[in-house]
Amino acid sequence: MKMPICDLCLRSNTLCKRCEKKLREKKITELDIEMARTLYAIDRRYGIGNVTFKKSFESDGLIVMMVGKGDVGNIVGKRGKIIRILKRKFNKKIRVIEETDNIKELVAEIISPARVMGMNIIYPVSGSAINKIRIDETSKDKMPADVSVIEDIVKRIIKKDIKIVLE
Ligand SMILES: [Zn+2]
């Protein structure tokens, strides 16, 4: 498994100097550490496979986990077994997604099975252009969280401002 903290730190409750530094410099978060240790424990018990866990983002009841290419299935587990354990442990909704540069794809993965209708660029009077993503309003009840929560998480993932609207 490829994790944001080292093997030693996965197995213990303390952090080595190097991992501690990553936390201090905000390259990783407390949530990343807890998630990595939880995945490690689940792997020892059930075997998740050689997956990569990159980062996690949390906002008001929703956690988005970013994993390596092709690793979503293994982390969700057979019939959602692994994801159910994680949901219970963190008591939050959890979405597992692959890292992508495509903003539309990213939003689509997070809100699935709700649907993205399209994306266009808006130009505010001042400031730089913003991507506006349109979500099918008739599918909004299938979203894992409110628009504002999704917007907040996506902004932190891509480190850019975006706007999400229902239409
Ligand atoms: Zn370490």
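# A tour of two helices, two domains and a sheet

Start by selecting helix α3 (residues 30–46) and helix α5 (residues 81–90), whose axes come within 11 Å and cross at roughly 135°. Keep in mind as you look around that this is a predicted model.

Why do we call α3 and α5 oblique to each other? Angles of 65 to 115 degrees count as roughly perpendicular and those over 145 as roughly antiparallel; the crossing of α3 and α5 is roughly 135°, and the two helices are therefore oblique. Turn the view until one helix lies in front of the other: the crossing of α3 and α5 is right-handed.

Now show the side chains where these helices touch. On the α3 side, pick T38, I42 and Y46; on the α5 side, pick I82, I85, L86 and K89. Try colouring these contact residues by class, and you will get 5 nonpolar, 1 polar and 1 charged.

**Next stop: the two domains**

Give residues 1–99 one colour and residues 100–167 another. These are domain 1 and domain 2 in the domain assignment of the protein chain. Their C-alpha centres lie 24 Å apart. How many residues does each domain bring to the contact? Domain 1 gives 11 residues, and domain 2 gives 11 residues as well.

To explore the domain 1 side of this contact, select β1 (53–59), β2 (62–67) and β3 (93–98), the elements that each supply two or more residues there. Which of them has the largest share? That is β3, with 4 residues. Colour this side of domain 1 by class too, and you will find 4 nonpolar, 2 polar and 5 charged residues.

**Last stop: a sheet with a helix across it**

Move on to the open sheet of 3 strands, arranged in the order β4-β5-β6 with mixed pairing. At its edges are β4 (116–122) and β6 (162–166), each paired on one side only. Look along the sheet to see its strands turn: neighbours are rotated by 20° against each other on average, direction ignored.

Zoom in on β4 and strand β5 (residues 130–135). These two run antiparallel and are joined by 6 bridges. What holds paired strands together in general? Strands of a sheet pair through backbone hydrogen bonds, either parallel or antiparallel. For one example of a bridge here, select G118 and look for its partner in β5, R134.

Finally, bring in helix α6 (residues 103–111). Helix α6 lies across β4, β5 and β6, and runs at about 140° to β4.

Notes
Residues are numbered from 1 along each chain as its sequence is written. This is a predicted model: local features need pLDDT of at least 70, side-chain atom pairs count only at pLDDT 80 or more; totals for chains, interfaces and linings use all residues. Axes are lines fitted to C-alpha atoms, for helices over the stretch in contact, and angles run from 0 to 180 degrees between N-to-C directions. Angles under 35 degrees count as roughly parallel, over 145 as roughly antiparallel, 65 to 115 as roughly perpendicular and the rest as oblique. A crossing is left-handed if the near helix is turned anticlockwise from the far one by less than a right angle, and right-handed if clockwise. Two residues are in contact if their C-beta atoms, placed from the backbone, lie within 7 Å. Ala, Val, Leu, Ile, Met, Phe, Trp, Tyr, Cys and Pro count as nonpolar, Asp, Glu, Lys and Arg as charged, and the others, Gly among them, as polar. Domain bounds come from an automatic or database domain assignment. Two strands pair if DSSP finds at least two bridges between them.
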